[in-house]
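Biologist: I'd like a close look at one part of this protein, the strands and how they line up. Could you walk me through that, and then through whatever sits around them?

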Amino acid sequence: MGVRKVILLFLLSLILLEPAYAQRYDFVVAKDGSGQFKTVQEAINAVPDFRKNQTTIYIKNGVYKEKLTLPSTKTNVKLVGQDVQKTVLTHDDYAAKKNRFGEEMGTTGSSSFFVYGDDFTAENITFENSAGPVGQAVAVRVDGDKVMFKNCRFLGFQDTLYPHGEKSRQYYKNCYIEGTTDFIFGWSTAVFEGCEIYSKKGGSFVTAASTLEGTPYGFVFLNCRLTGDAPENSYYLGRPWRPFAKTVFLNSYLGKHIKPEGWHNWSKPDAEKSTFYAEFGSTGPGAAPKQRVSWSKQLTAEEAQEYTLEKIFGDWDPLATKQTPQAGK
């Protein structure tokens, strides 16, 4: 009688636990078939178009080699990984790689993940372009508005992360981003808070903003750490891909790999007049305010107060986003 009771209690616990798990996430992706889908793209495709409520997709640990697209019709989607180190979304295209017609893919075509949908969120996931040091190879290109990444990793070499949308607002919280040349580049307004920006050997520029003229904010780094295994004095903080580039570092630690001059004009002297490159409260061996190029700026305390999430993002508050509970492991 005791054994039967134990079995009944066990079966009852499974029945009760399953609905609780289902309530946490709308879809579950698992390579071993234990979820509704085996691939991430299948789960994305299953999201109803233009849904107003958030659709949460839980991704179990595994390496998912997929070239992913979140279409503009898939709004309010949230991806949650089981473990940031073990939930890996990866692909290996690169700009010089030929497509089936013998044409080069180009930088955009190399992207492992295209994010076009608005109100997208990702947590605890590694996004990777695994092509290696073969030129431009994008891990994630983001065009959607109000996009947030929390506790995510972005792995690659040249052109790792592409905040592309001209009107896109993006927030990166406690993320790890690595690469070589221009490995954070694009048009978007993007805030990186509490992130580690890791410069790998063989590169020379951290950022390459292409901010549109009249856009008040470009790339903003708040309380970040710039680290890496690159040689001393080998990296610039940024260079202007387009003439009105804006990039600001506030209260960030700059490693010894950062050059004393800080910024480069990309051999475009006219860009020195229109770019806005600035710092406030930089620390570490790479902080050298008196040695920076004359056309960059050291912000005053009053000017630094203009760099709040509210002022940068306007009517979007990424911190007000509903938190998703952790799934059992």
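**The strands and their surroundings**

Modeller: Let's start with an open sheet made of 11 strands, paired in parallel and running in the order β1-β2-β5-β8-β11-β14-β17-β20-β23-β25-β26. Its edge strands are β1 (27–29) and β26 (297–298), and each of them pairs on one side only. Keep in mind that this is a predicted model.

At the β1 edge, the partner is β2 (residues 55–59): the two run parallel and are joined by 3 bridges. If you want a spot to click on, F27 stands opposite I57 in β2.

Now hop over to the β26 edge. S296 sits in the loop between β25 (276–280) and β26. S296 counts as buried because its relative accessible area is 14%, and the cut-off for buried is under 20%. A polar atom of the S296 side chain lies 2.8 Å from the backbone oxygen of V293. Setting aside neighbours within four places in sequence, S296 is in contact with W263 and Y277.

There is also an open sheet of 8 strands, again with parallel pairing, in the order β3-β6-β9-β12-β15-β18-β21-β24. Here the edges are β3 (62–65) and β24 (253–254), each pairing on one side only. β3 is joined to β6 (residues 87–91) by 4 bridges, the two strands running parallel, and K65 stands opposite T90 in β6. In a regular strand, side chains alternate between the two faces of the sheet. You can follow that along β3: G62 and Y64 point to one face and are buried, while V63 and K65 point to the other and are not. Over at the β24 edge, 2 bridges join that strand to β21 (residues 225–228), in parallel, with L226 standing opposite L254 in β24.

Back to a strand of the 11-strand sheet, β8, for a loop residue. Y116 is found in the loop between β7 (113–115) and β8 (121–123). Y116 is partly exposed, with a relative accessible area of 30%. Not counting residues up to four places away in sequence, Y116 touches T69, L70, P71, S72, R141, D143 and G144. For a sense of scale, the C-alpha atoms of Y116 and G228 are 31 Å apart, with their positions 112 residues apart along the chain.

Next, the nonpolar packing. The largest nonpolar core has 55 residues, and F149 and F192 have the most contacts inside it. Helix α2 (residues 40–45) gives the most to this core, with 3 residues. Apart from neighbours within four places in sequence, F192 is in contact with L161, Y172, I177, I184, F219, V220, F221, L222 and C224. A second, separate core has 16 residues, including M148, A304, L309 and F313.

C224, which turned up among the contacts of F192, brings us to the cysteines. The disulfide count comes to 0. For C152, the nearest cysteine sulfur is that of C175, 5.1 Å away, and C152 is in no disulfide. C152 counts as buried, at 2% relative accessibility. C224 is in no disulfide either, and its nearest cysteine sulfur, that of C195, is 4.8 Å away. C224 is buried too, with a relative accessible area of 2%.

Notes. Residues numbered from 1 in each chain as written. Predicted model: local features only at pLDDT ≥ 70, side-chain atom pairs only at ≥ 80, totals over all residues. Heavy atoms only, no water. Core = buried A, V, L, I, M, F, W, Y, C linked by side-chain atoms within 4.5 Å. Buried < 20%, exposed > 50% of the residue type's maximum accessible area, 1.4 Å probe, protein only. Contact = heavy atoms within 4.5 Å. Pairing = 2+ DSSP bridges. Polar contact = N/O pair within 3.5 Å; in protein donor to acceptor, adjacent residues only side chain to side chain. Disulfide = S-S within 2.5 Å.
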